[in-house]
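Thank you all for coming; I would like to walk through one model this morning, going from the overall layout to a few individual residues. Please keep the sequence and the structure in view while I talk.

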Amino acid sequence: EAPLPATLSFVTNAVQKIGPTVVRIDTEILSSSSSYLYDEYSTMDDDDDDMSLPHGGGESVIRSGQGSGIIFSPKGHVLTNAHVVE
């Protein structure tokens, strides 16, 4: 069998070293359905402001998300991006 290319070998070695420290982060937040709708459309351009979108109330829904992080300390502290937990 032919040896692995140097770049693939480097990637393989890196994954083997840090792989056990990578964690999956599941998030859930209770939110009203109408505020969720507003949040989803709040990135519209100012020119496209649609004031007919609701700004609160409605029934509660669970919004879920998923991200990743790494364990970086012996105490189990996890480093991740802010958008994963916001």
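The protein chain holds 3 helices and 3 strands, and, read from the N terminus, its elements follow the order α-β-α-β-β-α. I should say at once that this is a predicted model, and that everything I describe is computed from it.

How much of the protein chain counts as buried? Of its 86 residues, 10% do, and the chain exposes about 7,200 Å², of which carbon and sulfur atoms supply 55%. As for the contacts, if we take those between residues at least 6 apart in sequence, 68% of them join residues at least 24 apart.

Let me turn to glutamine 66, which lies in strand 2. Is glutamine 66 buried or exposed? Its relative accessibility is 57%, and because the cut-off for exposed is over 50%, glutamine 66 counts as exposed. Leaving aside residues up to four places away in sequence, glutamine 66 touches Arg24, Ile25, Asp26 and Thr27. With isoleucine 25 the separation between C-alpha atoms is 5.6 Å, although the two residues stand 41 apart along the chain. With aspartate 26 there is a polar contact between the side chains, at 2.9 Å.

Aspartate 26 has a further partner, since its side chain and that of arginine 24 meet in a salt bridge, with 3.1 Å from N to O. How many salt bridges does the count come to? The count comes to 1 salt bridge. Of these two residues, arginine 24 counts as exposed, at 60% relative accessibility, whereas aspartate 26, at 48%, counts as partly exposed. To put the pieces together, the side chain of aspartate 26 is joined to glutamine 66 by a polar contact and to arginine 24 by the salt bridge.

Glutamine 66 also brings us to the largest pocket, where it appears among the lining residues. This pocket contains about 230 Å³ of space, and its lining draws at least two residues each from strand 1, which spans 22-32, from strand 2, and from helix 3, which spans 82-85. Which element gives the largest share of that lining? Strand 2 does, with 5 residues. If you want to find the pocket on your screens, the lining includes Thr27, Glu28 and Ile29, then Arg63, Ser64, Gly65 and Gly67, and, further along the chain, His83, Val84, Val85 and Glu86.

Two serines remain, and I will take them in turn. Serine 32 is found in strand 1, and it counts as buried because its relative accessibility is 17%, the cut-off being under 20%. Arginine 63, which we have just met in the pocket lining, is 31 residues from serine 32 in sequence, and their C-alpha atoms are 9.5 Å apart in space.

Serine 73, by contrast with a strand residue, has its place in the loop between strand 2, which covers 60-71, and strand 3, which covers 78-80. Why does serine 73 count as buried? Its relative accessibility is 17%, and so, with the cut-off at under 20%, this loop residue is placed among the buried ones. The side chain of serine 73 is also joined to that of histidine 77, through a polar contact of 2.9 Å.

Note on methods: Residues numbered from 1 in each chain as written. Predicted model: local features only at pLDDT ≥ 70, side-chain atom pairs only at ≥ 80, totals over all residues. Heavy atoms only, no water. Helix = DSSP H or I, 4+ residues; strand = E, 2+ residues; numbered from the N terminus. Buried < 20%, exposed > 50% of the residue type's maximum accessible area, 1.4 Å probe, protein only. Polar contact = N/O pair within 3.5 Å; in protein donor to acceptor, adjacent residues only side chain to side chain. Contact = heavy atoms within 4.5 Å. Areas by Shrake-Rupley, 256 points an atom, 1.4 Å probe, with all protein chains shown as cover. Salt bridge = Lys/Arg side-chain N within 4 Å of Asp/Glu carboxyl O. 1 Å grid on protein atoms, 1.4 Å probe; cavity = no way out; pocket = protein on both sides within 12 Å on 5 of 7 lines; lining within 4 Å. Points joined across faces, edges and corners; volume = space filled by probe spheres on them.
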